[in-house]
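Colleague: Could you take a close look at a single part of this model, the packing of one pair of helices, and take me through it with the cut-offs stated?

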Amino acid sequence: MKLRNKINLYTAVLFSILLLIMNLSIYILFSNLILQSETKTVKEETEKIAAVFNQLTNMTEERDFLRAYVPIDGMIRIVNPALKSISVTSPTEKELSEKKDRYFSGEVSERMIINNRTYAFASMPIILPGGDVANLQITKSIETAIGNLKILRIVLITVTLLALIPVFISSRILSNLLIKPVTSMIKTMIEIKQSGQFKRLSLDKKSKDELHEMGETFNHMIDLLETNFEKQKQFVSNASHELKTPLTVIESYASLLKRRGLQEPELFAESIEAIHSEAIRMRELTEQLLLLAKHNEQWNLHISKVNLNEFIKQTLHAFQSAYNRKITYNTEIKGAFELKTDEQKLKQLIYIFLDNARKYSDKEITVLTRIKDNQAVIQIIDQGIGIHKDELPKVFDRFYRVDKARNRKSGGSGLGLSLAKELAEVLGVKVALDSKEGIGTTVKLYLKY
Ligand code: ADP
């Protein structure tokens with residue numbers, strides 16, 4: 001069922017039930033009140049007449065007495081268990097006289113139905129002038145009250161039905177109000193699906209309700225999706241472009257080998273070397289791509305206590321042995337200084353900067369650690385080619401390389417710093433890059449402890 005119909009149905013059913021309960025309670029309350037009051041009136045009347053009767057000392061003609069008190073639409077009767085009962089009926093209620101008489105030992109007041117008509121009945125014990133105990137009984141029609149109740153019933157049913165009309169109208173207006181933005185959202189979504197383009201909802205500026213908020217969130221989500229989509233597109237085209245070059249190199253060397261490799265041993269060695277180095281580059285590139293494709297939540301941090309000085313010394317030692325480059329380590333931190341971090345990932349982060357310092361400088365690399373403003377600072381300083389100030393903001397972008405030709409020779413893919421940026425984000429490390437072209441680059445890593 002459509003949401004609009006659901007809202008209509010539920011509101012209508014709910015309001016109908018509510019109105020029904022309300023009007024039913026009103027009817028029951030009123031009918032009880034009216035019928036009780038009718039019965040009470042008959043009872044009081046009977047009591048009054050019985051009191052008059054009890055004061056009589058002699059009575060010649062009982063029937064005449066009763067005639068004086070007969071109700072307009074009913075019957076008055078004296079039921080004497082010893083003798084025959086005497087009853088007088090009003091001209092409209094002649095059939096009542098056919099009703100069988102009943103003797104009661106106490107007071108009785110009730111409602112009864114005779115010949116499909118409702119009556120109030122009261123019976124009082126009386127003492128006849130002769131000393132016999134009898135019943136004075138009055139039966140009075142309450143059809144007028146019943147008729148009034150019937151009218152009340154019709155009025156209440158009509159009111160219920162009439163009240164449902166505005167309920168229906170307002171539920172329709174309400175459902176329209178709620179559904180309009182939703183249907184427009186669905187329409188936009190279908191358009192997006194069909195056209196493959198990112199579209200936004202046109203929002204009413206005046207309203208600031210939840211639906212407007214939902215529309216804004218939807219538009220914001222589309223913005224995000226579009227930027228992500230653009231990034232992905234860029235990334236895929238960059239990645240395929242980056243992989244194309246080594247593949248072409250491998251392909252051309254392989255075909256060269258196929259043609260003349262066996263005859264020319266020099267060419268053989270050169271080709272194998274080129275294929276090998278390109279294969280390594282491709283492996284590194286795909287490894288970095290895979291790391292970058294990971295979402296922040298998938299990084300799985302393993303936090304442990306790390307002694308900063310020891311950690312830096314080990315890292316530098318491993319790096320120096322692998323690349324045979326001299327790195328000077330200076331520290332202002334005295335004693336064992338510990339901080340909580342993911343050791344492997346921090347090492348990976350430092351390696352990226354050390355690797356860049358190695359690739360883009362020939363002179364000595366210096367690493368410096370110190371504590372400043374409640375933060376541990378690791379500085380990686382090189383005296384290499386540096387980066388022009390216009391290029392500085394771009395170097396963290398994926399696949400960005402300042403000098404493409406030169407970097408290819410040094411084996412750079414342009415992914416190192418973007419990976420460093422992600423790693424730093426995951427570790428909560430702030431990175432500052434300071435560089436002057438021709439003088440050198442200083443990387444500062446700020447670690448909270
Ligand atoms: P790559 O793999 O090419 O080194 P990076 O993302 O690590 O990619 O660096 C992006 C670019 O920034 C590099 O191509 C290089 O031009 C420049 N760069 C990075 N670090 C340094 C540095 N220490 N000295 C000079 N240039 C650097």
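Modeller: What follows is a description of the pair α4 and α5.
The model is predicted, so local features need pLDDT of at least 70 and side-chain atom pairs count only at pLDDT 80 or more, whereas totals for chains, interfaces and linings use all residues. Residues are numbered from 1 along each chain as its sequence is written, and side-chain values use heavy atoms, with hydrogens and water left out.
Helix α4 covers residues 210-261 and helix α5 residues 265-293, helices being DSSP runs of H or I with at least four residues, numbered from the N terminus. Their axes, which are lines fitted to C-alpha atoms over the stretch in contact, come within 9 Å and cross at roughly 160 degrees, and the two helices are therefore roughly antiparallel (an angle over 145 degrees). The residues of this contact divide into 21 nonpolar, three polar and five charged, where Asp, Glu, Lys and Arg count as charged, Ala, Val, Leu, Ile, Met, Phe, Trp, Tyr, Cys and Pro as nonpolar, and the others, Gly among them, as polar.
Among the buried residues of α5 (under 20% relative accessible area, 1.4 Å probe, protein chains only) are Leu267, Ala274, Glu278, Arg281 and Leu285.
Within α4, Lys233 forms a salt bridge with Glu230, the closest N and O atoms being 3.9 Å apart; the term requires a side-chain nitrogen of Lys or Arg within 4 Å of a carboxyl oxygen of Asp or Glu. Because Lys233 and Glu230 are three residues apart in helix α4, about one helical turn separates them.

Note on methods. Axes fitted to C-alpha atoms, helices over the stretch in contact; angles between N-to-C directions. Parallel < 35°, antiparallel > 145°, perpendicular 65-115°, else oblique. Buried < 20%, exposed > 50% of the residue type's maximum accessible area, 1.4 Å probe, protein only.
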